[in-house]
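Reader: Could you take a close look with me at one part of this model, the place where the two chains meet? I would enjoy a walk through it, with a little of what lies around it.

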Amino acid sequence: MEKFIKHIGTGVPLRRSNVDTDQIIPAVYLKRVTRSGFEDGLFAAWRNDPDFVLNQEAYKKGTVLVAGADFGTGSSREHAVWALQNYGFKVVISSRFADIFRGNSLKGGLLTIILGQAEVEEMWAAIEADPTTAITVDLDTRTVSYASVSVPFVIDDYTRWRLMEGLDDIGLTLQQTDSIDSFEGKRTALKPTTLPIR
Amino acid sequence: MGKTLAEKIWAEHIVRRVDGEPDLIYVDLHLIHEVTSPQAFDGLRLAGRTVRRPDLTIATEDHNVPTLNIDRPIADPVSKLQVDTLRANCKEFGLRIHSLGDKDQGVVHVVGPQLGITQPGMTIVCGDSHTSTHGAFGALAFGIGTSEVEHVLATQSLPLQRPKTMAINVEGSLKPGVTSKDIILAIIAKIGTGGGQGYVIEYRGSAIRALSMESRMTVCNMSIEAGARAGLIAHDQTTFDYIKGKPHAPEDFDAAVSYWTTLFTDADAQFDVEVDMNADDLEPFVTWGTNPGQGLPLNSVVPNPADIEDSEKRTAAERALVYMGLEAGTPLKKIAIDTVFLGSCTNGRIEDLRAAADILKGKKIASTLRMLVVPGSARVRLEAEAEGLDKVFLDAGAEWRNAGCSMCLGMNPDQLAVGERSASTSNRNFEGRQGKGGRTHLVSPLVAAATALRGTLSSPADL
């Protein structure tokens, strides 16, 4: 995974709440067996509307998505994270994220940042007033800055460290194989198994 | 201080705990399907890793598969490739798979319980958000993303932040015609789609204890629609009776029951949040909008967004009414339906089919709509056919299909057309969920059947 330390880009204001993962990428796009090429499906239904924010020239190069509350609800499809990343987003900001989406994003290196709704609305206003506003997302100092504004955000130390080092979660867990072995040694035999088939 | 059931299950599965890091949690059962697994297997191959515990892993084909002509090759080449990929991956890594044509093929959350492989006290994961269904057995079960699927395949464990706990107490008894689907829709309307974020919900109270296992699964299934990754119900005699006799029920059943009964929420346990609901005055519930929190009793009218104080909710309601093609003030029962969908991991089990068939028996569905009946698994289909339910549905004018997720998410050919309106026993009324431009009203199987007969959203009492 690529290291995430600091990102500077422009913003895309998505003034909608409850953006579910079916909107981020509809089910018909989930049939692929690869991790790439999902950018075509990103917000597929909404992109039919010429006025939709991603269709506006001013926001075409945006890499920081600033969305309404409860972003990423619904299906656990990680394709939603891939679609955002494949399209070019590096950061999503919202006042609330659905748990599974947030977990998926932080595993895959898409930084999801929780700010207060008032701070989100201020960002929307600033981006809409000047779409070229540079936004700096600094994971090291845990701040989002643009124009003269600097807002701190909270992220747990472990996740921050893992993202800044670009570490593979599976590799980290495999270092604990001894603990897994010993746990399995003590597991009750009353638990079911799928094999042999009964 | 005492512990909750969820906290006890969590504690039993800690492989490793270190301050400042997520707990490493052992996974007792990993369910997989064709849509969220191919990239995970690819990841294993790229890193030269293998599946740690094939004997705790099981696969089936559900999201993408057709429900017609299942004896022929899958017509859509992209769907076919995905299903073929799952089959090849299972073969390569030595995993059990139930493919189209097998009696245990079906929606992954119907398959686990019917095999008796979903049991109390377990940790269960699947690359599907409705994994919360298995919580009905007193298990800690939640959906995961594809990176986590790969993680579980490789290590049989997951690093996880400990969730907070929420109790939802539902006391009283349901009126006839009101079901567990109405309970959960009312809960989501009350706490909102984000109300459960960060929590494991334990559903408690006399109304919950009175539910059958399959009705309990309906409640737990939609925990994620309230934002909670997992929801569970304490296991009891109802649970044990359901598991007993299933293919993978414990051989020493008494020993298993003794173990299971060590796991319960202590009387002095503290939940981080408690929510109270009364079952006595619940009515059949239906959604009018485009998220599952936008629901009302069926006797209501379409709400007027201007009456909603919260500006964010007001804007969402305005958008929803435009998308749904509804006018504020219209009685919900006046809304005409084009398609009734009976099925899914929420309401595609035998009890759901029986309840709907009971209403449809000897009658004809309205000429203005079509009705799709999609059993949750091939085993449910066979059971229904043995009871003659297929005849009831066919005689009423409904379509009797093969098992799969089908129109719940419209990934296979079963989809709504643009502007088409459904009454659906599934779990999500998102824009385009059942097909691009389709409009979904979430309902119980009883409301689905009554609606099929009358052509407009209806409860059995309207018949």
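Author: Happily! In this predicted model, 50 residues of chain A are in contact with 67 residues of chain B. On the side of chain A that touches chain B, five stretches each supply at least two residues: helix H1 (21-24), helix H3 (99-108), helix H5 (157-165), helix H6 (169-174) and helix H7 (177-186). H3(A) gives the most, with six residues. Sorted by class, this side of chain A has 18 nonpolar, 18 polar and 14 charged residues.

Now for a helix pair within chain B. Helix H6 (residues 180-191) and helix H8 (residues 213-221) of chain B pack at an angle of about 20°, their axes 8 Å apart. Angles under 35 degrees count as roughly parallel, and H6(B) and H8(B) are therefore roughly parallel to each other. Their contact is made by B:Ser180, B:Lys181, B:Ile183 and B:Ile184 of H6(B), together with B:Ser215, B:Arg216, B:Thr218 and B:Val219 of H8(B). By class, that contact has three nonpolar, three polar and two charged residues. The crossing of H6(B) past H8(B) is right-handed.

Finally, the nonpolar cores. The largest has 144 residues, and B:Leu360 and B:Ala452 are those with the most contacts inside it. Leaving aside residues up to four places away in sequence, B:Ala452 touches B:Val340, B:Leu360, B:Ile365, B:Ala366, B:Leu369, B:Met371 and B:Ala398. A second, separate core of 41 residues includes A:Val53, A:Ala83, A:Met123 and A:Ile127.

Technical notes
Residues are numbered from 1 along each chain as its sequence is written. Chains are lettered from A and ligands numbered from 1 in the order in which they are written. This is a predicted model: local features need pLDDT of at least 70, side-chain atom pairs count only at pLDDT 80 or more; totals for chains, interfaces and linings use all residues. Axes are lines fitted to C-alpha atoms, for helices over the stretch in contact, and angles run from 0 to 180 degrees between N-to-C directions. Helices (H or I, at least four residues) and strands (E, at least two) are DSSP runs, numbered from the N terminus. Angles under 35 degrees count as roughly parallel, over 145 as roughly antiparallel, 65 to 115 as roughly perpendicular and the rest as oblique. A crossing is left-handed if the near helix is turned anticlockwise from the far one by less than a right angle, and right-handed if clockwise. Two residues are in contact if their C-beta atoms, placed from the backbone, lie within 7 Å. Ala, Val, Leu, Ile, Met, Phe, Trp, Tyr, Cys and Pro count as nonpolar, Asp, Glu, Lys and Arg as charged, and the others, Gly among them, as polar. A nonpolar core is a set of buried Ala, Val, Leu, Ile, Met, Phe, Trp, Tyr and Cys residues joined through C-beta atoms within 7 Å. A residue is buried if 20 or more other C-beta atoms lie within 10 Å of its own, exposed if 12 or fewer, and partly exposed in between; C-beta atoms are placed from the backbone.
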